[in-house]
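User: Hi! I'd like to learn how to read a sheet and the surface around it. Could you walk me through one?

Analyst: Happy to. Let's look at the model together and take the sheet as our starting point.

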Amino acid sequence: MCRIMLYNMVVLFVILLNSYVIRASDPDPVQDFCIANTESASHANQCKNSSLVTVEDFIYAGIKVPGKFGPTGLSGVSVNSNVFPGLNTLGMSLVRADFEVGGVNVPHFHPRATEIAFVLEGTIYSGFVDTNNKVFAKVIEKGEVMVFPRGLVHFQMNVGDTPATILGSFDSQNPGSQRIPAAIFGSGIKEKLLEKAFGMTSKEISKLKKKLGPH
């Protein structure tokens, strides 16, 4: 009797674990494609009528050129189902990242996706940190790729003498992104906590919050 109960518990555990793993990633599509209906907000979650779909729905030209550069010398252009409806339900998205000389993509992570970064041009110091705080980092060059496991903090910096460009691919149509400096110093966490956590003065914390907080 006990053996049967133990078997049933193991089976139930396996079923629940499998269910969790399935829910942890984008759902599998149940049709060839589902072009997101962008004509009205009320139909945003519905598919475009397949008879109205054309080849243009599967083409996006919005990453031909860099976007606007930020203060760290980085320009990022996201390609997801919000701007490219053809990606809807396909479980993937892209980003074009351009770096000025010395430009930095600050430490950040994607809670819902693994990323593969392909260097199109330039020389990039690239890496990630695992949950044991071990750094895996190396200078990669044009034609090389690096993978960043889901949910782990990663970073990039242009260490070459010319601008650099990376194309990042995600295994989710909505990978999410949380940039560590802004999350810590720009989110409204009490200064007293930050002072103790980082061993910094109130003046230093206030300076960082002013720089990284919402404008």
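Analyst: This is a predicted model. A good habit is to read a sheet by its strand order and pairing sense. Here five strands form an open sheet in the order 1-2-9-4-7, and the pairing is antiparallel.

User: Why do strand 1 and strand 7 each have one side without a neighbour in the sheet?

Analyst: Strand 1 (74-79) and strand 7 (145-148) stand at the edges and each has a single partner strand, so one side of each is left without a neighbour. From one strand to the next, the twist averages 20°.

User: How many bridges join strand 4 and strand 7?

Analyst: Strand 4, residues 115-121, pairs with strand 7 over four bridges, in the antiparallel sense. To follow the register, pick out a facing pair: Glu 115 stands opposite Phe 148 in strand 7.

User: Now the surface. Which residues form the nonpolar patch?

Analyst: The patch on the surface consists of Ile 116, Phe 118, Leu 120, Val 145 and Val 147, with about 390 Å² of accessible area together. Next, ask where the members come from. At least two residues are supplied by each of strand 4 and strand 7, and the largest share, three residues, comes from strand 4.

User: Let's zoom in on one member. Is Leu 120 buried, partly exposed or exposed?

Analyst: Leu 120, which lies in strand 4, has a relative accessible area of 32%. Buried means under 20% and exposed means over 50%, so Leu 120 counts as partly exposed.

Notes: Residues are numbered from 1 along each chain as its sequence is written. This is a predicted model: local features need pLDDT of at least 70, side-chain atom pairs count only at pLDDT 80 or more; totals for chains, interfaces and linings use all residues. Side-chain values use heavy atoms; hydrogens and water are left out. Two strands pair if DSSP finds at least two bridges between them. Axes are lines fitted to C-alpha atoms, for helices over the stretch in contact, and angles run from 0 to 180 degrees between N-to-C directions. Patches are made of residues with over 30% relative accessible area and no salt bridge: like charges are joined within 9 Å, nonpolar side chains (Val, Leu, Ile, Met, Phe, Trp, Tyr) within 5 Å. Accessible areas come from the Shrake-Rupley method with a 1.4 Å probe; for residues, only the protein chains shown count as cover. A salt bridge is a side-chain nitrogen of Lys or Arg within 4 Å of a carboxyl oxygen of Asp or Glu. Buried means under 20% relative accessible area, exposed over 50%, partly exposed in between (1.4 Å probe, protein chains only).
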